[in-house]
Amino acid sequence: MPQTPAWKSCEVNVEGGTTAIPIKFFFRDALEVFKFLFGNPVYANHLDLIPTQIWEGEGEDIQIFEGPMTGQFAWEIQVM
């Protein structure tokens, strides 16, 4: 099984600003997460790879965004 991507952190400094406690930004490397998800058989049948649009409201005039594949970028990348 692939190893879970490690959490990383860095201290955030804003020029001209100070804080009593340093601001830490926690993140995981996006490419490592991608490799983990697509290389792990546990997730093989649970990845949503099809762009979807969800509409609600009268006349379906309200678009709902609930994940990466419901956003505009998923549609734009299809024509690249």
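This section describes a salt bridge, aromatic pairs and a nonpolar surface patch in a predicted model.

One salt bridge was counted in the structure. It is formed by Glu 32 and Lys 8, whose closest N and O atoms are 3.6 Å apart. The two residues belong to distant parts of the chain, with their positions 24 residues apart in numbering: Glu 32 lies in helix α1 (residues 30–39), and Lys 8 lies in strand β1 (residues 8–12). Glu 32 has a relative accessibility of 33% and therefore counts as partly exposed. Lys 8, at 32%, is likewise classed as partly exposed.

Three aromatic pairs were counted. One of them joins Phe 25 and Phe 27, with a distance of 5.5 Å from centre to centre and an angle of 20° between the planes. This pair is classed as stacked, because planes under 30 degrees apart fall into that class. Phe 25 is partly exposed, at 45% relative accessibility. For Phe 27 the relative accessibility is 28%, and this residue also counts as partly exposed.

Phe 25 also contributes to a nonpolar surface patch, together with Val 12, Val 14 and Ile 23. The area of the patch is about 340 Å². Val 12 is located in strand β1, the strand that also holds Lys 8 of the salt bridge. With a relative accessible area of 35%, Val 12 is partly exposed. Its value meets the requirement for patch residues, because these need over 30% relative accessible area.

Conventions
Residues numbered from 1 in each chain as written. Predicted model: local features only at pLDDT ≥ 70, side-chain atom pairs only at ≥ 80, totals over all residues. Heavy atoms only, no water. Salt bridge = Lys/Arg side-chain N within 4 Å of Asp/Glu carboxyl O. Helix = DSSP H or I, 4+ residues; strand = E, 2+ residues; numbered from the N terminus. Buried < 20%, exposed > 50% of the residue type's maximum accessible area, 1.4 Å probe, protein only. Phe/Tyr/Trp six-rings, centres within 6.5 Å; stacked < 30°, edge-to-face > 60°. Patch = residues over 30% accessible without salt bridge, like charges linked within 9 Å, V, L, I, M, F, W, Y side chains within 5 Å. Areas by Shrake-Rupley, 256 points an atom, 1.4 Å probe, with all protein chains shown as cover.
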